[in-house]
Amino acid sequence: MAVSVAGLALAGCSGSDDEPGVGGPGDGSAISPQPVGVANAGTAQAPLRIGVVVSLTSDPGQGQDWLDGAEGARVAEYRLDQGGGAVDLEVLDDQGTANGAITAVEQLVESGVAGIVLATSGDHVQGALESSAASETAVLLPYYRGPGELPANAFRTAPTQGDVDAALLAALGEQGLDKPFVLTADGLSADGVGSADALAYRGNNVEKLARRITVARANGRIDSVVIAAAAATQAEIVSALRGRLEDLPIVLTPEAQTPTFAATLDTSAGTIASRFASAGVDASDATTMTSSAAADAVAAYFAALRLAAGDDEVTDLFGDGAFVDAAGEADIASHDAVIAVAAAAAAAGSLEPADVLGSLDGLTVSAGDGLAGPDLDFSDSDTLAGSAVVPLLATVQDPGVRPPVADGDARLFWFALDTGSS
């Protein structure tokens, strides 16, 4: 696929001097004009129909954390439309339940969509994946880190749990930490980081938990905390620790990168400023502040996001409101999953799901196809290279590449830790 160019530039933003990977104040860096529309011959003759499944509500750890980020799928649709194609997103809510996920996926398969982006997570999706394995429809998973092999026709475009654990371990190592207290909750885990102490938190007494960690730190048994949990649970635990251990290094699973974590922490603790670490890919707001090839691809995404937010005809995923009200949280993972389905349709020269699935198998999708994040290699069900998953650090400094959040909620921004600098 070719990429059509629109003349919208994103200026590079300055970061603080002590934050690796972010340009320093006054460094004069800037991002050159970026492509917005993604030309795709496979969508020119008839609409490319792509299913998107989200969880409007769910129990902790069952997908609701990723709801706002899934709006990135709308940015992908906008870019493909701007490139001269026609894309229709068919969006369903699985309610964060196993039956809801099975029903949603089966309904989309029956309707004949070219591919499905399952923009949720948690063990509630496993039945839907098994059900879809008998179909000829590709299912892409931009957020799911579930254990075990994926069924046929399912492709994880998210980091695997093993790659996340490795990056969390690297984040600890870069800070000279090797005795973490590992907290797990909501069906999430961080098994690959080791532990000096560990606890499966069940949400019953966060103050008792904070006291236990305080004593362990005072006795020298631990030097940090790793929290694997849903975003709101992470915020609850962090807030309890704030009053006791202001300097305790905290490492968080990727759920902390969702707006739920920052908003909940701001409400409960009154501030979100801290040096949190996490794991993910170097494809975020802060990436635009560098001069790398990755920055160019990410800048194209944000250029499109800003244009879509300024277009009164572009709505949110469910068509209930203007996209501008959702644009503050739309993420790259869901965008790239939609772009990958479009790339497979273009390679197949067909919009039929079986043809798209056949084309996707073995295909490598890259920035040249419109991706904003790292390459996706569909020769394996886990499409993202492990080397693309890196330690991330949080900052409250807004790079200014997206519209402000409508309700003024606090936000964290994440940038890649340069592990080669030490």
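Q: How many bridges join strand 15 to strand 16, and do they run parallel or antiparallel?
A: In this predicted model, 4 bridges join strand 15 to strand 16 (residues 413-416), and the two strands run antiparallel. Within that pairing, T395 has F413 of strand 16 as its bridge partner.

Q: And what joins strand 12 to strand 15?
A: Strand 12 (residues 277-281) is joined to strand 15 by 5 bridges, and these strands run antiparallel. One position to look at is V281, which stands opposite V389 in strand 15.

Q: How many residues of strand 15 are buried?
A: Strand 15 spans residues 389-395 and is mostly covered, with 6 of its 7 residues buried.

Q: Let me zoom out for a second: how many helices and strands are in the chain?
A: The chain has 10 helices and 16 strands. It holds 422 residues, of which 55% count as buried. Among contacts between residues at least 6 apart in sequence, 69% join residues at least 24 apart.

Q: OK, there's an open sheet with parallel pairing, so what's the strand order?
A: That open sheet has 5 strands in the order 4-3-5-6-7, with parallel pairing. Strand 4 (87-93) and strand 7 (154-156) stand at the edges, and each has a single partner strand, so one side of each is left without a neighbour in the sheet. From one strand to the next, the twist averages 25°.

Q: Which helices pack on it?
A: Helix 1 packs on the sheet, where it touches strand 3 and strand 4, and its direction makes about 165° with that of strand 4. Helix 9 (residues 332-348) also packs on the sheet, touching strand 3, strand 4, strand 5 and strand 6 (138-141), and its direction makes about 150° with that of strand 3.

Q: Is helix 1 mostly covered or mostly exposed?
A: Helix 1 (residues 72-82) is mostly covered, since 9 of its 11 residues are buried. The buried residues include R74, E77 and R79, together with G72, A73, V75, A76, Y78 and L80. Helix 1 is followed by G84, whose phi is positive, near 100°.

Q: Back to strand 5: how many bridges pair it with strand 3, and how many with strand 6?
A: Strand 5 (residues 115-118) pairs with strand 3 (residues 48-54) in the parallel sense over 4 bridges, and with strand 6, also in the parallel sense, over 3 bridges. On the strand 3 side, I50 stands opposite G115 and G51 has I116 as its bridge partner. On the strand 6 side, the bridge partner of I116 is V139.

Q: Which way do the residues of strand 5 point?
A: G115 and V117 point one way from strand 5, while I116 and L118 point the other way, and all are buried.

Q: Changing topic, which residues does S132 touch?
A: Leaving aside residues up to four places away in sequence, S132 touches V105, V139 and N153. S132 lies in helix 3 (residues 126-132), and its side chain reaches the backbone oxygen of L129 at 3.0 Å.

Q: Why would you call S132 buried?
A: S132 has a relative accessible area of 2%, and it counts as buried because the cut-off for that class is under 20%.

Q: What about N153, where does it lie?
A: N153 lies in the loop between strand 6 and strand 7, and at 17% relative accessibility it counts as buried. Its phi is near 75°, a positive value in a residue other than glycine. For context, most residues other than glycine have a negative phi.

Q: Which loop holds Q95, and what is its phi?
A: Q95 sits in the loop between strand 4 and helix 2 (98-111), and it has a positive phi of about 60° although it is not a glycine. Q95 is partly exposed, with a relative accessible area of 48%.

Q: Last topic: at what angle do the axes of helix 6 and helix 7 cross?
A: The axes of helix 6 (residues 231-242) and helix 7 (residues 259-269) cross at roughly 35° and come within 8 Å, and the crossing is right-handed. On the helix 6 side the contact is made by A231, A232, Q234, A235, V238, S239 and R242, and on the helix 7 side by T260, F261, T264, L265, S268 and A269. By class, that contact has 7 nonpolar, 5 polar and 1 charged residues.

Note on methods: Residues are numbered from 1 along each chain as its sequence is written. This is a predicted model: local features need pLDDT of at least 70, side-chain atom pairs count only at pLDDT 80 or more; totals for chains, interfaces and linings use all residues. Side-chain values use heavy atoms; hydrogens and water are left out. Buried means under 20% relative accessible area, exposed over 50%, partly exposed in between (1.4 Å probe, protein chains only). A polar contact is a pair of N or O atoms within 3.5 Å; within protein, one must be able to donate a hydrogen and the other to accept it, and residues adjacent in sequence count only if both atoms are side-chain atoms. Contact means heavy atoms within 4.5 Å. Two strands pair if DSSP finds at least two bridges between them. Axes are lines fitted to C-alpha atoms, for helices over the stretch in contact, and angles run from 0 to 180 degrees between N-to-C directions. A crossing is left-handed if the near helix is turned anticlockwise from the far one by less than a right angle, and right-handed if clockwise. Ala, Val, Leu, Ile, Met, Phe, Trp, Tyr, Cys and Pro count as nonpolar, Asp, Glu, Lys and Arg as charged, and the others, Gly among them, as polar.
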